[in-house]
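Biologist: I'm new to this one, so could you walk me through it slowly? Let's start with the empty spaces inside.

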Amino acid sequence: MTTLKIAGVPEHFNLPWHLSINNNEFSNKNIDLKWTDVPEGTGKLCQMLRNGDTDIAVILTEGIIKDIAAGNHSKIVQIYVASPLIWGIHVAAGSPYQTIEDIQKGKVAISRYGSGSHLMAFVNAENQGWDTSKLDFEIINTIDGAVESLTKGNADYFMWERFMTKPLVDKGIFRRVGDCPTPWPCFVIAVRNEILENNPEAIGTVLEVINNKTASFKNIENIDAVLADKYNQKVEDIREWLKLTEWSQTKLNKTTFDKVQDQLVRLQIIENKTSYEAVTG
């Protein structure tokens, strides 16, 4: 039995992993896969890969490309979710901001530097034609921290996955003023180089199992109700999310890699470019 540590955000995208673990689909192939939920998101996941606290991370594409370029000894082995992540742009329900234009000079709540909430603030600012050098950030670690920060007025807006944040909108805690989809596939699977070199067959088995699961995931009976119950969502919202979400069983291609890296360089998030071969395994 090969033991591997894997980490990812506690969100609906990752239910296929939990189902496969609970159904012994990895252990039946002699893989003891130990999952860790990381609510802090991609910045924390990058740190865990660097420190050896996880072997595998299900992680945002732009975040891990940025971190590998900055010296993280990991590789992207595969795209996990091919569709864009739809980032909702949220303000406190009681705030005076009504539109995206209203928040141009506002302080951005981010989980941590290098996280998706940080990087996508730059993408959104560029989309709006704002001066990205003027962005101002407040680190809040988790979505609970964002609630506190926006409610107290310490920060003005917060970008997080639209559907996972919708319960806070429904409760009247946040108000969504707009959306910002990623211009690339949103999640990839990254593995530490040491693990790739020492356990290539085990990593291949992990990918084989999860790819079988994601290929048939939408056909699982009552999966909409299971997702809604586990992630405190309305069934109708989950059904809309399922229509918009496409899992992947393919590698990250060079065209997509170049698109992500070129945009990160243009936004001055990456200083030195890295090669496609250095990032993919």
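Modeller: The second largest cavity is a good place to begin, and its lining is made up of Phe 13, Pro 84, Leu 85, Ile 86, Glu 161, Phe 163, Trp 241, Leu 244 and Thr 245. Please keep in mind throughout that this is a predicted model.

Biologist: What volume does the second largest cavity have, and how does its lining divide by class?

Modeller: Its volume is about 40 Å³, and the lining of this second largest cavity has 7 nonpolar, 1 polar and 1 charged residues.

Biologist: How many cavities of 30 Å³ or more are there in the whole structure?

Modeller: A search of the whole structure gives 2 cavities of that size. The largest cavity has a volume of about 130 Å³, and 15 residues line it, with Val 9, Glu 11, Leu 60, Trp 87 and Trp 160 lying nearest its centre. The elements giving two or more residues to that lining are α4 (116-128) and β8 (157-161).

Biologist: And by class, what is in the lining of the largest cavity?

Modeller: The lining of the largest cavity has 6 nonpolar, 6 polar and 3 charged residues.

Biologist: Back to Leu 85 for a second. Where does it lie, and is it buried or exposed?

Modeller: Leu 85 lies in the loop between β4 (74-81) and β5, and it counts as buried because its relative accessible area is 3%, which is under the 20% cut-off for that label. Leaving out residues up to four places away in sequence, Leu 85 touches Phe 13, Leu 60, Glu 161, Cys 180, Pro 181, Thr 182, Cys 186 and Phe 187.

Biologist: How far apart are Leu 85 and Leu 33 in space?

Modeller: They are 26 Å apart, C-alpha to C-alpha, with their positions 52 residues apart in sequence as the separation.

Biologist: You mentioned some cysteines there. How many disulfides does the model have?

Modeller: The count comes to 0 disulfides. Cys 46 is in no disulfide, and the nearest cysteine sulfur to its own, that of Cys 186, is 15 Å away.

Biologist: Why is Cys 180 not bonded to Cys 186?

Modeller: The sulfur of Cys 186 is the closest cysteine sulfur to that of Cys 180, but the two are 13 Å apart, so they are too far from each other for a bond; a disulfide would need the sulfur atoms to be within 2.5 Å.

Biologist: Are those two cysteines, Cys 46 and Cys 180, buried or exposed?

Modeller: Cys 46 counts as buried at 4% relative accessibility, and Cys 180 is buried as well, with a relative accessible area of 1%.

Biologist: Changing topic, which residues have the most contacts inside the largest nonpolar core?

Modeller: Those are Trp 17 and Phe 187, in a core of 96 residues. As general background, nonpolar side chains in soluble globular proteins tend to be buried together.

Biologist: What is Trp 17 in contact with?

Modeller: Setting aside its neighbours within four places in sequence, Trp 17 is in contact with Ile 6, Phe 26, Leu 33, Trp 35, Val 58, Tyr 80, Ile 189, Val 206 and Ile 210.

Biologist: Okay, now the outside. What can you say about the largest pocket?

Modeller: About 410 Å³ of space lies in the largest pocket, which is lined by 18 residues, and those nearest its centre are Pro 10, Ile 143, Met 164, Tyr 231 and Asn 232. Two or more residues of the lining come from each of α5 and α6, and α6 gives the most, with 5 residues. By class, the lining of the largest pocket divides into 9 nonpolar, 4 polar and 5 charged residues.

Biologist: Which residues of helix α5 are buried, and what covers them?

Modeller: In α5 (residues 143-152) the buried residues are Gly 145, Ala 146, Val 147, Ser 149 and Leu 150. What covers them includes β5 (86-92), β6 (107-110), β7 (136-139), β8, α6 (162-170) and β9 (174-181).

Biologist: What follows α5?

Modeller: Gly 153 follows α5, and its phi is positive, near 85°.

Biologist: Which residues other than glycine have a positive phi?

Modeller: Among them are Asn 24, with a phi of about 60°, and Asn 141, with a phi near 70°. Asn 24 is found in the loop between α1 (15-22) and β2 (31-37) and counts as partly exposed at 41% relative accessibility, while Asn 141 lies in the loop between β7 and α5 and is partly exposed, with a relative accessible area of 37%.

Methods. Residues are numbered from 1 along each chain as its sequence is written. This is a predicted model: local features need pLDDT of at least 70, side-chain atom pairs count only at pLDDT 80 or more; totals for chains, interfaces and linings use all residues. Side-chain values use heavy atoms; hydrogens and water are left out. Buried means under 20% relative accessible area, exposed over 50%, partly exposed in between (1.4 Å probe, protein chains only). On a 1 Å grid over the protein atoms alone, a cavity is a set of points where a 1.4 Å probe fits but cannot get out, and a pocket is an open set with protein on both sides within 12 Å along at least five of seven lines; lining residues have an atom within 4 Å of a point. Grid points are joined across faces, edges and corners, and a volume is the space filled by probe spheres set on the points. Helices (H or I, at least four residues) and strands (E, at least two) are DSSP runs, numbered from the N terminus. Ala, Val, Leu, Ile, Met, Phe, Trp, Tyr, Cys and Pro count as nonpolar, Asp, Glu, Lys and Arg as charged, and the others, Gly among them, as polar. A nonpolar core is a set of buried Ala, Val, Leu, Ile, Met, Phe, Trp, Tyr and Cys residues joined through side-chain atoms within 4.5 Å. Contact means heavy atoms within 4.5 Å.
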